[in-house]
Each structure stands twice: as C-alpha cells, then as structure tokens.
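Below are some notes on this model, set out as numbered points for a colleague who has the coordinates open. They begin with a single residue and then widen to the chain as a whole.

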Amino acid sequence: MATIPRNNNMPPRPAPGGGVTLPPSQEKIQQKFDLSIALTLSTWPALTLSVQNSWGGPNSAEKRDWFAGAISDLFASTPNAETTIDVEYLEEFLLQVMNDEFEVNVEDESGAEVAAKVVGLRKLCLQGDFDMVDEMYEKWRERQARGGEKVQFQQMQVGDDNEDEESPEEEGDGADAEMSEAPELVKVPKEKTVPKVDEEGFTEVVGKRRR
C-alpha cells in the first residue's frame with residue numbers, strides 16, 4: 001500500500017516539558033487514517049445492515065474489511081488525491097461498492113455523510129491531528145464492551161402500490177419510533193434465469209449474465 005507523503009509545511013509542536021515534538025511519521029499517519037476509515041464504516045447503518053443480513057454473501061464481514069482497504073487504496077493510488085477526491089467523488093465510489101458487493105441501493109443521504117467524514121478525517125491526519133480518530137476509537141471500544149448495537153431495518157417493497165398501508169405485523173407501540181431512524185435501503189433483486197423453448201420444443205440453456 002502506498003504511503004501518504006509527509007506535509008513538510010507542518011510546523012513542529014512544542015512538547016509539554018519543553019523542546020519540540022517531531023511531526024508524526026508517514027507510517028503513523030497512514031495507520032491512523034486507515035483506522036479512521038474502518039471506524040467510520042463501522043458506524044454506517046446501511047453497511048451494518050448489509051453485514052448483519054449477509055447481503056454480501058457469507059463473507060459479508062470480510063467484505064466490510066476489504067471495503068475499508070479499498071477506500072485507503074483509492075486515496076493512495078489517486079494522483080493529487082487531496083484535490084481529486086472530494087466528497088461527491090468518494091460518495092459515488094461508496095454507493096457503487098454497496099451496489100456491486102452488497103446488492104443494495106442506499107437511497108438516503110448517508111453516503112454523502114460518510115464521504116464527508118472520511119475526507120475530513122484525512123485532512124486532520126495529514127496535519128498530524130489524531131484527536132478525533134482516537135475519540136472515535138474509544139467510542140468503538142465502549143460499543144464493543146456493551147456487545148455492539150443492532151440496527152433496525154425497514155423493509156421497502158419495490159413497485160408496491162400499497163406501500164403506505166401498514167400490515168398487522170408492523171402495528172404496535174413504538175414501531176414508528178424505531179423505524180423512523182432506519183436508513184432507506186432497497187435490496188436489489190437478483191435476475192432470474194428464464195428457460196427458453198425453441199420452435200421444436202427443445203429447451204435452451206441460458207447462462208446467467210454478469211451484472
């Protein structure tokens with residue numbers, strides 16, 4: 001993995017006991033940035049739902065780890081990443097991965113929020129400011145100590161004319177409060193292979209198209 005070039009314009013920080021604290025190494029900057037990406041993805045409800053429901057297959061958790069590495073590689077391999085990769089660019093990348101790897105269309109604005117957070121954290125890491133990353137890590141440890149947090153999911157039917165009507169299972173105290181914060185996701189249905197029959201009555205074998 002390529003390393004982030006050091007910002008030579010970064011002024012040295014005075015040490016608490018006097019003297020000068022040297023700027024963080026390229027390796028530490030990269031490690032903190034990679035950690036910030038993983039922590040940000042761990043709080044994205046859309047991705048958490050996809051992993052919990054194995055929408056990316058039996059290795060959905062591993063795909064989430066790969067996802068974090070793919071974002072890091074995107075910054076490392078893109079020339080002039082600081083100016084090329086903005087919030088909109090990164091949001092498109094995030095949504096494309098969610099669609100390709102988890103077959104989910106994220107229809108709320110959470111993709112933009114995640115992208116903005118990652119871009120902001122990268123700028124802080126390049127400046128040697130790791131306070132926000134460390135705070136996020138402490139909050140993650142607290143969540144893990146509590147056994148993690150489950151995310152409510154609101155199933156959305158594609159093309160359902162009666163989507164505004166509540167089913168008996170959805171009625172109940174507190175149901176609206178729980179679902180009001182659920183991210184708007186649409187599970188992309190897989191294409192079904194339909195057999196074709198020729199004029200002589202023979203069934204043709206139709207291969208599954210790559211999406």
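1. Ser50 has a relative accessibility of 0%, and it therefore counts as buried, the cut-off for that class being under 20%. Please keep in mind throughout that this is a predicted model, so that the values discussed here are computed from predicted coordinates.

2. As to its setting, Ser50 lies in helix α2, and, once neighbours within four places in sequence are left aside, the residues in contact with Ser50 are Trp55, Gly56, Ser60, Met98, Phe102 and Val104. Of these contacts, Met98 deserves a second look, since Met98 is also listed among the residues with the most contacts inside the largest nonpolar core.

3. That largest nonpolar core has 35 residues, and those with the most contacts inside it are Leu41, Trp44, Phe67, Ile71, Phe75, Leu90 and Met98. At least two residues of this core are supplied by each of α1, α2, α3, α5, β3, α6 and α7, while the largest share, seven residues, comes from α6.

4. Leu41 gives a view of the core from one of its members: not counting residues up to four places away in sequence, Leu41 touches Leu47, Arg64, Phe67, Ala68, Ile71 and Val114. Among these partners, Phe67 and Ile71 are themselves listed with the most contacts inside the core, and Val114 is one of the buried residues of α6.

5. Helix α6 covers residues 110–126, and its 17 residues reach 24 Å from the first C-alpha to the last, close to the 24 Å expected at 1.5 Å a residue. The buried residues in α6 are Ser110, Gly111, Ala112, Val114, Ala115, Val118, Val119, Leu121, Arg122, Cys125 and Leu126, a list in which Arg122 and Ser110 appear beside nonpolar residues such as Leu121. Their cover includes α1 (26–42), α3 (60–77), α4 (81–84), α5 (87–102), β3 (104–106) and α7 (131–145). Just after α6, Gly128 takes a positive phi of about 80 degrees.

6. For the chain as a whole, there are eight helices and six strands, which run from the N terminus on as β-β-α-α-α-α-α-β-α-α-α-β-β-β. Of its 211 residues, 30% count as buried, and the accessible surface comes to about 14,300 Å², of which 48% belongs to carbon and sulfur atoms.

7. Finally, on contact order: among contacts between residues at least 6 apart in sequence, 68% join residues at least 24 apart.

Note on methods
Residues numbered from 1 in each chain as written. Predicted model: local features only at pLDDT ≥ 70, side-chain atom pairs only at ≥ 80, totals over all residues. Heavy atoms only, no water. Helix = DSSP H or I, 4+ residues; strand = E, 2+ residues; numbered from the N terminus. Expected span 1.5 Å × (residues − 1). Buried < 20%, exposed > 50% of the residue type's maximum accessible area, 1.4 Å probe, protein only. Contact = heavy atoms within 4.5 Å. Areas by Shrake-Rupley, 256 points an atom, 1.4 Å probe, with all protein chains shown as cover. Core = buried A, V, L, I, M, F, W, Y, C linked by side-chain atoms within 4.5 Å.
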